Amino acid sequence: MCDLLDSQHPAEKLTRMKKLRRTLSESFGRLALKKDDNGLDEICVTKMSTRNCQGMDSVIKPLDTIPEDKKVRVQRTQSTFDPFEKPNNQVKRVHSENNACINFKSSSAEKESPKIRRHSSPSSPTSPKFGKADSYEKLEKLGEGSYATVYKGKSKVNGKLVALKVIRLQEEEGTPFTAIREASLLKGLKHTNIVLLHDIIHTKETLTLVFEFVHTDLCQYMDKHPGGLHPDNVKLFLFQLLRGLSYIHQRYILHRDLKPQNLLISDTGELKLADFGLARAKSVPSHTYSNEVVTLWYRPPDVLLGSTEYSTCLDMWGVGCIFVEMIQGVAAFPGMKDIQDQLERIFLVLGTPNEETWPGVDTLPHFKPDRFTQYSAKNLRQAWNKLSYVDHAEDLASKLLQCFPKNRLSAPAALSHKYFSDLPPRLWELTDMSSIFSVPNVRLQVEAGESTKAFGKNIYGKSQSHVKH
């Protein structure tokens, strides 16, 4: 080609070179995959320079340097790229009509409807955005509390169902501290067994926390299946509860309000910790906290006796109570009157404490030995006979339901208990965001009195309208 050009007239040669540059410029503007130093694919833009007559210098430009009028089309076509995937899957090839490149100057691209571009672009001012109240549609009210109302909703951004926790703001009082605490803690927690906070919307009148939508909670689930749950389902629910607690405890966060109503159950059987309004980040050195935490039935004896110095063992007592309730079908310690009655019910099973069984109990504000009947400790199966039906269940429950806080099993230690020894080993190798149901043959069993066909419908039907977040 060079010999042919040399034999031509200089003017014809120049014209021919200009046409060649123009043709190459139009043909080779493309998305290219460039290997970085770590061997990972990196999306770059290669564009042939036509600004000088000294040859065709190839310029690699990162995505951020693409002109605005070009960037929209590149990002939309690149929609299959997920930066949060593992490195070996970090880049997926971009598909265009020729499965190789996108021509920025293609006539078909230029003729693309501006209306289509505007609505399909994530950066469009007319598209629904996260953080905006009008990005969510309220479908129905799910429940109402003292300072918040929960709605079932739908995201206009991605079409997914959500739970909208709308917190009413009082002008003279400002934002409730529980809402601030819940939002700040949940923003940093990413675990499959912890309810996911999608978005936060703040207006003058309300603060709305947007959560993933979860169909029901453990309290409703147990109400649907009175008399105790299937032993295999108890084991899977307890394993997930301990996974979630182990995750937050390792980050020095206490939930402080464990009860069946605050454990959500998805339509696939995933259990998720919810309602972090009373949760606290436990700092070192230890501070004192309010003893007005945890619903009475699930409140540990040390807190009932006035202790304000506690750690993760506070949550572990609640785990023991919930474990017994799932197996037996009734609350472990259903106090009907007051704190005194609640303590009596605990001591009736576990024995009335003294300095020998509980060092330091005499120093607790509300402990007066003459106020309590003196009971001796019993085997747990005497109080809850169904614990004896399941291998190692009584032993695990007894190590969780210890009056002396320091004797209670931790969440990581409980996960290693022999009660779980028949579960697949892969469950202990899962990443934080991996569900236990991603492991083959791990699934919920049909509860007593249900047909396989009606299983999902009966548990997760439309009648399950109350969702607590």
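**Close-up views of helix α11 and of a five-stranded sheet**

**View 1. The N-terminal end of helix α11 is capped by Asp338.** In this predicted model, a side-chain oxygen of the capping residue Asp338 lies 3.3 Å from the backbone nitrogen of Gln340. The helix that begins here, α11, spans residues 339-350 and thus has twelve residues. From its first C-alpha to its last, α11 reaches 16 Å, which is close to the 16 Å expected at 1.5 Å a residue. Beyond the other end of the helix comes Gly351, the residue that follows α11, and its phi is positive, with a value near 95°.

**View 2. Helix α11 carries a set of buried residues that other helices help to cover.** The buried residues of α11 are Asp341, Gln342, Leu343, Glu344, Ile346, Phe347, Val349 and Leu350, a list in which Asp341 and Glu344 appear alongside Leu343 and Phe347. Among the elements that cover these buried positions are α9 (301-304), α10 (313-328) and α12 (380-383).

**View 3. Five strands form an open sheet with antiparallel pairing.** Across the sheet the strands follow the order β4-β5-β6-β8-β7. The two edges are formed by β4 (136-144) and β7 (197-202), each of which pairs on one side only, and the twist from one strand to the next averages 25°. Helix α6, made up of residues 177-186, packs on this sheet, where it touches β6 (161-168), β7 and β8, and its direction makes about 40° with that of β8.

**View 4. Strands β7 and β8 form a hairpin at one edge of the sheet.** Three residues lie between the two strands of this hairpin, and the edge strand β7 is joined to β8 (residues 206-212) by five bridges, the two strands running antiparallel. Two of the cross-strand relationships can be followed residue by residue: His202 has Leu207 of β8 as its bridge partner, while Ile201 stands opposite Thr208, also in β8. In a regular strand, side chains alternate between the two faces of the sheet.

**View 5. The whole protein, shown for context, contains 15 helices and 13 strands.** Of the 469 residues in the protein, 46% are buried, and the protein exposes about 25,200 Å², of which carbon and sulfur atoms supply 51%. When contacts between residues at least 6 apart in sequence are considered, 61% of them join residues at least 24 apart.

How values were computed. Residues are numbered from 1 along each chain as its sequence is written. This is a predicted model: local features need pLDDT of at least 70, side-chain atom pairs count only at pLDDT 80 or more; totals for chains, interfaces and linings use all residues. Side-chain values use heavy atoms; hydrogens and water are left out. Helices (H or I, at least four residues) and strands (E, at least two) are DSSP runs, numbered from the N terminus. Buried means under 20% relative accessible area, exposed over 50%, partly exposed in between (1.4 Å probe, protein chains only). Contact means heavy atoms within 4.5 Å. Accessible areas come from the Shrake-Rupley method with a 1.4 Å probe; for residues, only the protein chains shown count as cover. Two strands pair if DSSP finds at least two bridges between them. Axes are lines fitted to C-alpha atoms, for helices over the stretch in contact, and angles run from 0 to 180 degrees between N-to-C directions. The expected span of a helix is 1.5 Å times one less than its number of residues. A polar contact is a pair of N or O atoms within 3.5 Å; within protein, one must be able to donate a hydrogen and the other to accept it, and residues adjacent in sequence count only if both atoms are side-chain atoms.
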